[in-house]
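I opened this entry to go through sheets, enclosed space and the nonpolar core, one topic at a time. My notes follow the order in which I looked things up.

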Amino acid sequence: MNNRINLCRTIRTQSFVALLLLATTVHAEPGIDSRPENLTCTAPPRPETGSVILGDAFPRQFNRITTAVKSPRGDSTYIYMADRGGRRSRFVNAASASGWTNILDLRPLVAGFIEPGMEGVMDIEFHPDFASNGELYVAYTTPEPGRTSYVARYVSSDGGASFSQNGEIVLSLPQASEQHSLGTLIFGQDGYLYIGLGDDLRSSRAQDPFSWYGKILRIDVDSSTPYAIPADNPFAAGGGSPEVYATGFRNPWRFSQDSETGEIWAGDVGASQWEEIDKIVKGGDYGWPTREGAHCRTAGCDATGLIDPVYEYSHANGCAVIGGYVYRGSAIPSLFGKYIFSDVCTGEVFSLEETGQGAVVESLTASGFLVLTFGEAPDRELLLSAATSSTLLQLMPDNSGGPVGNFPTLLSETGCVDPSDPTQVAAGVIPYDVNTELWSDGAGKRRWMAIPDGTQIDVLPDGDWDFPVGTVLLKEFSWNDNPFETRLMVRHDDGQWAGYSYEWNASLTD
């Protein structure tokens, strides 16, 4: 690299186009004669989890017991809620939010639902193209007489401030019981709508491929009215109901898709002994009622072709699993990539990490709340609704005891700055700038990157940059040339990125 160069590529992990200024000093001209040696600035190990708490996400009371918490993709302005009684509402996505606006009232449809049970409104889901088509899908079950589960489409013409009162029925299913009916709705990354249905307390139907009970369905709501069948559905060509995607569930009350890997995780509520966490695959059979979890319900059952749960726990430790999300937020870096779930009876919140030795499950907090559902905020932080709390809760780090483990707690300890003068970066840390800079209330910004020795940045076929494991990206915010915050984005040994923020002290010494 003896010639002076400007390299322009998309940095995938930062979502901006970087103009790399290969220079050894902050204000130097672009270009260097040789790559500097980087002896100190590499990604440290992830910090230990430490204490996690459930705190009020929006401190002012909402006085609502919520069954669904969602937001349209790409829109961080509002949080939307639904309750069993039929109200759909939204509020501004800000800690200062003090009230909500009703946007759709379905109370006449579900009046008289039975408590406890799975009648009433169970979930909502925005179409991936909500910004252009205004479509909201609602899962609800009407009470007797004529108890029936419905998925219906409602349309907004004003960006979600209100919806058409009369929805279009997409599909329906009669229910004999108020239990184990319609649960989750999600749009997958493939654009199809996934629908979770319990066994209606008629367990044998979970193994009947022509029945919707005890199944996860997948349909295409864009190609036909009311829907079309995806060509690769397991029974699209026959042998079962063409809508069926996976079978053998008792009550898959909550499932979700990992926003990074696309894997679908489900919590299937057990009967008398076992709760289970499953990873859902197309055509998979998860065993109910032949098995509960990984255990035969009758001696010598034939488990051929049945998929074992990723994790199971007995009723000595809970009674009904509440499936959650794979954590992709930034507030608790040690949880990044782990599946978070709870149990309605204990309120205990757990993390699950897959390893070569099996699932490693850690108790994060014994909340004492009767958790009903999880939601993912626009920033990927996890929200929870509980029957014993009138506010939305959020999984948060407990910082009352200070930093955890041996992760660098001071910027001067990171190896990325001069420890005797942390306002200066360490040798081997290379400054860069961006083509299009975001406005940050007038703050000044400087940026650097540090690549481990012996590695290089690869350019992927689509032009994105692929940084090596161990990379550290630094960004400093300043006011009147005085730094007040420095952020590190690091790529850990597991290949995942995590962000860490350091606040400068008043004397600017660290």
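**Largest cavity**

I sorted the lining of the largest cavity by residue class and got 6 nonpolar, 5 polar and 3 charged residues. The model is predicted, and I keep that in mind for every value below. The largest cavity holds about 100 Å³ of space. Its lining has 14 residues, and those nearest the centre are Lys 70, Arg 254, Tyr 325, Thr 373 and Phe 374. I then checked which strands the lining draws on: S4 (68-70), S12 (182-187), S16, S22 (321-326) and S26 (371-376) each supply at least two residues. In total I count 4 cavities of 30 Å³ or more.

**Second largest cavity**

I moved to the second largest cavity, which holds about 50 Å³ of space. I listed its lining as Leu 411, Val 417, Pro 422, Thr 423, Gln 424, Val 425, Trp 448, Leu 474, Glu 476, Thr 486 and Trp 504. By class, this lining divides into 7 nonpolar, 3 polar and 1 charged. Strands S30 (421-425) and S35 (472-479) each give at least two residues to the lining. Which strand gives the largest share of this lining? I found that S30 does, with 4 residues.

**Second largest pocket**

I also looked up the second largest pocket, with about 670 Å³ of space. Its lining has 26 residues, of which Pro 116, Gly 117, Met 118, Val 344 and Leu 372 lie nearest the centre. I split that lining into 16 nonpolar, 6 polar and 4 charged residues.

**Sheet with S16**

S16 lines the largest cavity, and I followed this strand into its sheet. The sheet is open and has 4 strands in the order S16-S17-S18-S21, with antiparallel pairing. Why do S16 (254-257) and S21 (311-314) each have one side without a neighbour in the sheet? Both stand at the edges with a single partner strand, so one side of each is left free of a neighbour there. I noted an average turn of 15° between neighbouring strands of this sheet, direction ignored. S16 and S17 (residues 264-268) run antiparallel and are joined by 4 bridges. Across this pair, I see Phe 255 opposite Ala 266 in S17.

**Sheet with S4**

S4 also contributes to the lining of the largest cavity, and I traced its sheet next. This one is an open sheet of 4 strands in the order S4-S5-S6-S7, paired antiparallel. The edge strands are S4 and S7 (101-105), each pairing on one side only. Neighbouring strands here are turned by 25° against each other on average, direction ignored. Between S5 (residues 78-82) and S6 (residues 87-92) I find 5 bridges in the antiparallel sense. In this pair, Tyr 80 stands opposite Arg 90 in S6.

**Largest nonpolar core**

Last, I looked up the largest nonpolar core, which has 31 residues. Which of them touch the most other members? I have Ile 340, Phe 341, Phe 374 and Leu 395. At least two residues each come from S3 (52-56), S22, S23 (339-343), S24 (348-355), S26, S27 (382-386) and S28 (393-397). S22 gives the most to this core, with 4 residues. I noted two overlaps with the largest cavity: Phe 374 is among the lining residues nearest its centre, and S22 and S26 each supply at least two residues of its lining.

Note on methods
Residues numbered from 1 in each chain as written. Predicted model: local features only at pLDDT ≥ 70, side-chain atom pairs only at ≥ 80, totals over all residues. Heavy atoms only, no water. Pairing = 2+ DSSP bridges. Axes fitted to C-alpha atoms, helices over the stretch in contact; angles between N-to-C directions. 1 Å grid on protein atoms, 1.4 Å probe; cavity = no way out; pocket = protein on both sides within 12 Å on 5 of 7 lines; lining within 4 Å. Points joined across faces, edges and corners; volume = space filled by probe spheres on them. Nonpolar A, V, L, I, M, F, W, Y, C, P; charged D, E, K, R; others polar. Core = buried A, V, L, I, M, F, W, Y, C linked by side-chain atoms within 4.5 Å. Buried < 20%, exposed > 50% of the residue type's maximum accessible area, 1.4 Å probe, protein only.
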